[in-house]
Amino acid sequence: MTALAAETALAPSGAAGSTEAKVTPVSVLGVLGVLACGAEAVLCWTAGHLHADATLQMAARFLHIAALVVGFGAVLAVDWIGILWLAGRRRLTHILDASNALATPIWVGLAGLTVTGALLRPDLGNPLTLVKLGLVLVVTLNGLYAHGLGQRLTPYRNKGLPAVPRRLLLQSGLAATLSQVGWWGSALIGFINSQS
């Protein structure tokens, strides 16, 4: 998940444009992180016990690619606006608004990739597949982290870049880097595994 894309995915309706938005408690984000880990474990177990026929696998492969386009495409859009913001060509409000608008496609894409991936008979004995599953988990947990980070950036939405504390800029850069490594790494491993 991109550094700011999860900013309002979990926020109350109407909170995105307000500098007085309610902040999602860390405990809620922690519970969501634990549930995400559990969901991935259940899907891995299911993938090892589910034997989809050729037709279901073909449908799952198409939906897997569609989910990648939706989720990763939205991540790239938000990150591009972030780069423009850091270059001084956009205001923070632009990236926060884009994050808000694209949070749902990112989460839907990530969920779609995870569910359809279980139908593609992943080889859980393959070290590359295990790395890919780890990257998916990193992307998910990073998205939850980015949600909280976006909320901490919201008070600066109408101020210039120098007003944003350096600590938040570094955290945003780290979250964006983790997002890009996770998404690109998962896509690359998926491509390599599909060739073998």
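Helix 5 gives the most to the lining of the largest pocket: eight residues. The model is predicted. This report covers the fold, the pockets, the core and one helix in detail.

**Fold**

The protein chain has five helices and zero strands. Its pattern along the sequence is α-α-α-α-α. Of the 196 residues in the chain, 39% are buried.

**Pockets**

Two pockets are described here. The table sets out their values.

| Pocket | Volume | Lining residues | Nonpolar | Polar | Charged |
|---|---|---|---|---|---|
| Largest pocket | about 900 Å³ | 33 residues | 17 residues | eleven residues | five residues |
| Second largest pocket | about 300 Å³ | 15 residues | twelve residues | two residues | one residue |

Which residues lie nearest the centre of the largest pocket? They are His64, Gly117, Leu120, Lys132 and Gly190. Helix 1 (26-49), helix 2, helix 3, helix 4 and helix 5 each give two or more residues to the lining of this pocket. Helix 5 leads with eight.

The second largest pocket has its own set of central residues. Ala36, Ala39, Trp107, Leu110 and Thr140 lie nearest its centre. Helix 1, helix 3 and helix 4 each supply at least two residues of its lining. By class, that lining holds twelve nonpolar residues, two polar and one charged.

**Nonpolar core**

In soluble globular proteins, nonpolar side chains tend to be buried together. In this model, the largest nonpolar core has 22 residues. Those with the most contacts inside the core are Leu92, Ile95, Ile106, Leu153, Val164 and Trp183. Four helices each supply at least two residues of this core: helix 2 (54-86), helix 3 (92-118), helix 4 (127-153) and helix 5 (166-194).

**Helix 4**

Helix 4 appears in each of the sections above. It supplies at least two residues of the largest core. It gives two or more residues to the lining of the largest pocket. It also supplies at least two residues of the second largest pocket's lining.

How far apart are the end C-alpha atoms of helix 4? They are 38 Å apart. At 1.5 Å a residue, its 27 residues should span 39 Å, so the two values agree. The expected span is 1.5 Å times one less than the number of residues.

The start of helix 4 has a polar contact. There, a side-chain oxygen of asparagine 126 comes within 2.8 Å of the backbone nitrogen of leucine 128.

Methods:
Residues numbered from 1 in each chain as written. Predicted model: local features only at pLDDT ≥ 70, side-chain atom pairs only at ≥ 80, totals over all residues. Heavy atoms only, no water. Core = buried A, V, L, I, M, F, W, Y, C linked by side-chain atoms within 4.5 Å. Buried < 20%, exposed > 50% of the residue type's maximum accessible area, 1.4 Å probe, protein only. 1 Å grid on protein atoms, 1.4 Å probe; cavity = no way out; pocket = protein on both sides within 12 Å on 5 of 7 lines; lining within 4 Å. Points joined across faces, edges and corners; volume = space filled by probe spheres on them. Nonpolar A, V, L, I, M, F, W, Y, C, P; charged D, E, K, R; others polar. Polar contact = N/O pair within 3.5 Å; in protein donor to acceptor, adjacent residues only side chain to side chain.
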